[in-house]
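Here is a short walk through one protein model. Keep the structure in view as you read.

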Amino acid sequence: MSEEPTAAAEGLAPATAEPAPPEEENQPKDPWQDARLPWEGKPRRVDLACWGAITLSGLYYLALLPFRASLVGTHPIVSVLLNGSTEAIVSAAAFAKVGHGSIIVVLLASIPGLMKFDIIYWWAGRLWGERVIQIFSGRGKRSAKFVARVNRSGRWLTWPAVVLSPFLPIPNALIYAAAGWTGMSWLTFLILDAIGSLMWAGLLAGLGWALGQSAVNVAQEISKYGLWVSIVIVVLVVASQMRGARARG
């Protein structure tokens, strides 16, 4: 009989390997998996192009802020084309009333002035759907209700909403993105957007026409103190952005 000891005889059990850590813990976190981004995973070129266009549109308006007040009383039509702001349209129509320009030109200039970046937000909705709507509106209960309502109503909501967007207390970007998400074609969107923009411009132009010389006088005073008015506008914009950032946080 063999005298050689065995592992079993000596009560020795084979060594067991330590459990490996979960596989996902060993892998670096994907930087593209971020709920703050409108796309999922690594972005395509079209995703980056659309997001870059949205960013540039915001920078465009910031770059115009220092000139916004000075142009309204000196070159209101230029201001309408560049900015499409309420005060620019009212001022341009008032100047037309006193013989400086044409009300038809004011209305025609208002359409590109008001619409110039709208198609970008339609494009964002077409690309990213519900996800970008939640980013634009936040992820609270109001956002969820809006998404549910769009899902329920479809074009019965988005078609009139695009036309009436200048008059509604809802961010226009949210409505335009919803139109793209629900499948509205770019041509239909542009037609409805143009109708709504012309309605809004007509209302403002009518106000400026009715005010006439008094509105011209106010616009010229604003331009005279354009630097200080611009500083006030910049402060208000920055304060609004900071308040929004704290609310999201």
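The paragraphs below go from the overall fold to the interior, then to the surface, and end with one residue.

This is a predicted model. The protein chain has 13 helices and 0 strands. Read along the sequence, its pattern is α-α-α-α-α-α-α-α-α-α-α-α-α. Contacts reach far along the chain. Take those between residues at least 6 apart in sequence: 72% of them join residues at least 24 apart.

Next comes the split between inside and outside. The protein chain has 249 residues, and 34% of them count as buried. It exposes about 15500 Å². Carbon and sulfur atoms supply 65% of that area.

Now look inside. In soluble globular proteins, nonpolar side chains tend to be buried together. In this model, the largest nonpolar core has 30 residues. Those with the most contacts inside it are Ile-54, Trp-128, Ile-133, Val-162, Met-184 and Phe-189. Several elements give two or more residues to this core: helix 2 (45-72), helix 6 (118-128), helix 7 (130-137), helix 8 (141-153), helix 9, helix 10 and helix 11. Helix 10 gives the most, with 7 residues. There is also a second, separate core. It has 12 residues, including Ile-89, Val-90, Leu-114 and Ala-201.

Turn to the surface. Which residues make the nonpolar surface patch? They are Leu-164, Phe-167, Leu-168, Ile-170, Trp-186, Leu-187, Ile-191, Ile-195, Met-199 and Leu-203. The patch covers about 880 Å². Helix 11, residues 186-211, gives the most to it, with 6 residues. Helix 11 is also among the elements that give two or more residues to the largest core.

One member of the patch, Leu-168, sits in a loop. That loop lies between helix 9 (155-164) and helix 10 (172-181). Is Leu-168 buried, partly exposed or exposed? Its relative accessibility is 31%, so Leu-168 counts as partly exposed.

Finish with Ser-79. This residue is found in helix 3, which spans residues 76-82. Ser-79 counts as buried because its relative accessibility is 2%, and the cut-off for buried is under 20%. What does Ser-79 contact, leaving aside its neighbours within four places in sequence? Its partners are Leu-71, Gly-84, Ser-85 and Ala-88. Of these, Leu-71 falls within the range of helix 2 (45-72).

Set the two residues side by side. Leu-168 is partly exposed at 31%, whereas Ser-79 is buried at 2%.

Technical notes
Residues are numbered from 1 along each chain as its sequence is written. This is a predicted model: local features need pLDDT of at least 70, side-chain atom pairs count only at pLDDT 80 or more; totals for chains, interfaces and linings use all residues. Side-chain values use heavy atoms; hydrogens and water are left out. Helices (H or I, at least four residues) and strands (E, at least two) are DSSP runs, numbered from the N terminus. Buried means under 20% relative accessible area, exposed over 50%, partly exposed in between (1.4 Å probe, protein chains only). Contact means heavy atoms within 4.5 Å. Patches are made of residues with over 30% relative accessible area and no salt bridge: like charges are joined within 9 Å, nonpolar side chains (Val, Leu, Ile, Met, Phe, Trp, Tyr) within 5 Å. Accessible areas come from the Shrake-Rupley method with a 1.4 Å probe; for residues, only the protein chains shown count as cover. A salt bridge is a side-chain nitrogen of Lys or Arg within 4 Å of a carboxyl oxygen of Asp or Glu. A nonpolar core is a set of buried Ala, Val, Leu, Ile, Met, Phe, Trp, Tyr and Cys residues joined through side-chain atoms within 4.5 Å.
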